[in-house]
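The following exercises ask you to read a fold from its strands, its cores and its sulfur chemistry. Each task is followed by a solution that goes step by step.

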Amino acid sequence: MKRYCLAAALCLAAAFSGCRNSRVPPASSSPTTKQVSSSDQVVKAYAHFIPTASTPGSVELVISQGFHVNANPATFPYLIATEVQPGKADGITVADKLTYPPPKMESFPFADQPLAVYEGSVTIPIPITPAPGARGQRTIPFKIRVQACDSEQCYPPAMLDASLPIDLDAMRR
């Protein structure tokens, strides 16, 4: 009996040591400032389509912890504002002017006054209207301009890509 218990204990120890060596980083891990050379390393863009919503399209920006991007509009004209630029898709009209969410006002050591920023996750609604008689599937491409900063510096701006698949028939239901 002791041999079986010892064998079982050794097997469990081997199994757990294998798990310990194959760790998956936690979902909340984010790059440190020493690892960042461009804004696209800390900002990711995702497009969402919810046909029953009052605004069925949206672009979500997920900003790594410890970083922010300038809001739209930016606090000063020389700051690079976050900007979503929709492309064209047959049978769909996207609003000429997007409405950006309210910013968070944050103070930073490098600025004399609080700056309008987005942190964490921010969702920009995309008002879309199907053309009369348009049916089927379409995809709207997006270019998203961002400049990520931490509490000490800003990183080179980046153009992110996202695409929004749309089911026009689902919007009409």
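**Exercise 1. Establish the order of the secondary structure elements along the sequence, and characterise the chain as a whole**.

*Solution.* Read along the sequence, this predicted model follows the pattern α-β-β-β-β-β-β-β-β-β-β-β-β-α. Counting the elements gives two helices and twelve strands. As to burial, 34% of the 173 residues in the protein are buried. Turning to contacts, and taking those with a separation of 6 or more, one finds that 68% of them are made by residues 24 or more positions apart. The protein exposes about 10,800 Å², of which carbon and sulfur atoms supply 56%.

**Exercise 2. Determine the strand order of the open sheet of three strands, and locate its edges**.

*Solution.* The order is E1-E2-E8, and the pairing is antiparallel. E1 and E8 are the edge strands, since each of them pairs on one side only. From one strand to the next, the twist averages 20 degrees. For the register, consider E2 and E8, which run antiparallel and are joined by six bridges; within this pairing, Leu-61 has Val-122 in E8 as its bridge partner.

**Exercise 3. Work out the order of the open sheet of four strands, and describe how E7 is paired within it**.

*Solution.* The four strands are arranged as E6-E7-E3-E11, with antiparallel pairing. The edges are formed by E6 and by strand E11 (148–149), each of which pairs on one side only. E7 can then be followed through its two pairings. With strand E6 (residues 104–106), E7 pairs in the antiparallel sense over three bridges, and here Lys-104 stands opposite Val-117. With strand E3 (residues 68–70), E7 also runs antiparallel, joined by two bridges; Asn-70 has Val-117 as its bridge partner, while Val-69 has Tyr-118. The side chains of E7 complete the description: Leu-115 and Val-117 point one way, Ala-116 and Tyr-118 point the other way, and all are buried.

**Exercise 4. Decide whether His-68 is buried or exposed, and list what surrounds it**.

*Solution.* First, place the residue: His-68 belongs to strand E3. Next, apply the cut-off for burial, which is under 20% relative accessible area; His-68 has a relative accessible area of 2%, and therefore counts as buried. Finally, collect its contacts, leaving out residues up to four places away in sequence: His-68 touches Ile-63, Phe-108, Val-117, Tyr-118, Glu-119, Gln-147, Ala-148, Cys-149 and Asp-150.

**Exercise 5. Identify which residues touch the most other members of the largest nonpolar core, and trace the elements that build this core**.

*Solution.* A general tendency gives the background: in soluble globular proteins, nonpolar side chains tend to be buried together. Here the largest nonpolar core holds 36 residues, and those that touch the most other members are Val-43, Leu-61, Val-84, Ile-126, Ile-140, Phe-142 and Ile-144. Among the elements that give two or more residues to this core are strand E1 (43–49), strand E2 (57–63), strand E8 (121–126), strand E10 (137–146), strand E12 (158–167) and helix H2 (168–172). The largest share, five residues, comes from E12. Val-84 may serve as a worked case: neighbours within four places in sequence being set aside, Val-84 is in contact with Val-59, Leu-98, Tyr-100, Ile-124, Ile-126, Phe-142, Lys-143 and Ile-144. Apart from the largest core lies another core, of seven residues, which includes Ala-81, Phe-108, Leu-115 and Val-117.

**Exercise 6. Find which cysteines form a disulfide, and assign its handedness and the exposure of each partner**.

*Solution.* The criterion is a pair of cysteine sulfur atoms within 2.5 Å. Cys-149 and Cys-154 meet this criterion, with their sulfur atoms 2.1 Å apart, and the count by this rule comes to one disulfide. The torsion about the S-S bond is about 95 degrees, so the disulfide is right-handed. The two partners are then assigned separately: Cys-149 counts as buried because its relative accessibility is 1%, whereas Cys-154, at 36% relative accessibility, counts as partly exposed.

Conventions
Residues numbered from 1 in each chain as written. Predicted model: local features only at pLDDT ≥ 70, side-chain atom pairs only at ≥ 80, totals over all residues. Heavy atoms only, no water. Buried < 20%, exposed > 50% of the residue type's maximum accessible area, 1.4 Å probe, protein only. Core = buried A, V, L, I, M, F, W, Y, C linked by side-chain atoms within 4.5 Å. Contact = heavy atoms within 4.5 Å. Pairing = 2+ DSSP bridges. Areas by Shrake-Rupley, 256 points an atom, 1.4 Å probe, with all protein chains shown as cover. Axes fitted to C-alpha atoms, helices over the stretch in contact; angles between N-to-C directions.
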